[in-house]
Amino acid sequence: MDFPQRFSNLPEYAFPRLRALLDHLTPGGEPMAMTIGEPRHQMPAFVGEVLSANLAGFNRYPTNEGTPELLSAISGWLKRRYGVDVAQDRLMVLNGTREGLFNAAVALSPERKNGATPVILTPNPFYQVYAIAALTVGAEPVYVPATSATGHLPDYASLPAELLDRVTIAYLCSPANPQGAVASQDYWAELLALAEKHDFRIFADECYSEIYRDAPPPGILEVAARVGADPERVVSFHSLSKRSNLPGLRAGFLAAGPKSARAIRQLRAYAGAPVPMPIQAVAAAAWSDEAHVAESRALYQEKYRIADEVFGGLNAYMPPEAGFFLWLPVADGEEATLKLWQETGLRVLPGAYLSRDTKGGNPGRGYIRVALVNNADETRQGLTLLRNCLYT
């Protein structure tokens, strides 16, 4: 029996690949994981109470688009956070952003663009679901370097016009995973103008938007409203995983233009898995509350200060603007990961596992990604071990 050829050359996913690299080796100290972006701060105190009060909802099929209460909470948050009014019929409740980033491409990317195979753009490095979505819809994934030379955001405008005319979707993560770079209002506005010129949609992955040093990162919805962009140009994705320390809740949403939202909702009615009603109740409470978000953000800001202190004076260190990853340059990511594990027991992720080989090389090969998800004391301990092992 044959299998689909479009997935035949996929590399092993990052974390199984990491286990294959390290698990047969003895750690050089007490193991400490700083690999996966799984928040470990306290989840909101109201979660258990709201869940308990809504347990009977597990006895009902969930509402596919989202309950009125949840959609109201989401639209209220968008108004408070970005100053935009988004009608509830432009929203779609998701089982976390990964599902939405995939299924929205299935719903919205056409089979042909200007008589040719469509192209889907992704930054390189990137969140790996972008590539799978492109392959699933029969598009050509084009990996655009997001390096220090481009401010760790992709320079889509530098691509040839004939390629841009084939683009159906351009993915952009801001704050960026893994580099922590933030797309400015000007960056978003220029990308919106490029999308208008070449007729494509922007999929804005903004799930790290509430973790930042100083100023809240601008969002694509607010910039689109300011410049008067066509709402159909934009699909914005958000999640409670990072914002509210609820990665296991699997609750997020997307906001899109009216036509795009209808197409996404229709496909999901056939093929999607609606979010359970008790989970929707918890999500509505979480989007309506900012106190727990501010408390969690303060903990991340403390860990930024620890990282700045530990790596102070190190020219190679790039303080992240937002998010909770360090993107640290090394001679070779896999070699550095092996050295850390065998000499200290610290577990990090090679940057090449988050990027793709291209004609210009693999932009992640000379990096490691370090997740700042441990508590402050563990973070200081882990980062100190890392600096002493790799940079002295």
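This report walks through the sheets, pockets and unusual backbone spots of one protein model.

The model is predicted, so local features are given only at pLDDT of at least 70 and side-chain atom pairs only at pLDDT 80 or more, while totals for chains, interfaces and linings use all residues. Residues are numbered from 1 along each chain as its sequence is written, and side-chain values use heavy atoms, with hydrogens and water left out.

**The sheets**

Let us begin with the strands. Helices (H or I, at least four residues) and strands (E, at least two) are DSSP runs numbered from the N terminus, and two strands pair if DSSP finds at least two bridges between them.

One open sheet has 7 strands in the order E2-E8-E7-E6-E5-E3-E4, with mixed pairing. Strand E2 (91-94) and E4 are its edge strands, each pairing on one side only. Neighbouring strands in this sheet are turned by 20° against each other on average, direction ignored. Inside it, strand E5 (residues 167-173) and strand E6 (residues 201-205) run parallel and are joined by 5 bridges; Tyr-171 has Phe-203 in E6 as its bridge partner. Helix H3 (residues 68-82) lies across E2, strand E7 (234-239) and strand E8 (252-256), at about 110° to E2. Such angles run from 0 to 180 degrees between N-to-C directions, with axes fitted to C-alpha atoms, for helices over the stretch in contact.

Another open sheet has 3 strands, ordered E9-E12-E11 with antiparallel pairing. Strand E9 (325-329) and strand E11 (349-350) stand at the edges with a single partner strand each, so one side of each has no neighbour in the sheet. E9 and strand E12 (residues 367-371) are joined by 5 bridges and run antiparallel, and Trp-327 has Arg-369 in E12 as its bridge partner. Helix H13 (residues 333-344) packs on this sheet and touches E11 and E12, its direction making about 50° with that of E12. Helix H14 (residues 376-390) also packs on the sheet, touching E9 and E12, at about 165° to the direction of E12. Contact here means heavy atoms within 4.5 Å.

**The pockets**

Where is there open space? On a 1 Å grid over the protein atoms alone, a pocket is an open set of points where a 1.4 Å probe fits, with protein on both sides within 12 Å along at least five of seven lines; lining residues have an atom within 4 Å of a point. A volume is the space filled by probe spheres set on the points, which are joined across faces, edges and corners.

| Pocket | Volume | Lining residues nearest the centre |
|---|---|---|
| Largest | about 520 Å³ | Ile-36, Gly-37, Arg-98, Tyr-127, Lys-242 |
| Second largest | about 340 Å³ | Asn-9, Leu-10, Pro-11, Gln-128, Arg-356 |

The largest pocket is lined by 26 residues, and helix H1 (14-22), helix H4 (96-108) and helix H9 (240-243) each give two or more of them. For the second largest pocket, helix H5 (129-136) gives the most to the lining, with 3 residues.

**Unusual backbone spots**

Most residues other than glycine have a negative phi, and most peptide bonds are trans. The bond from Ser-174 to Pro-175 is cis, with omega near -5°, and another cis bond joins Asn-177 and Pro-178, with omega about 20°. Pro-175 sits in the loop between E5 and helix H7 (185-198), as does Pro-178. Asp-199, which is not a glycine, has a positive phi of about 60° and lies in the loop between H7 and E6.
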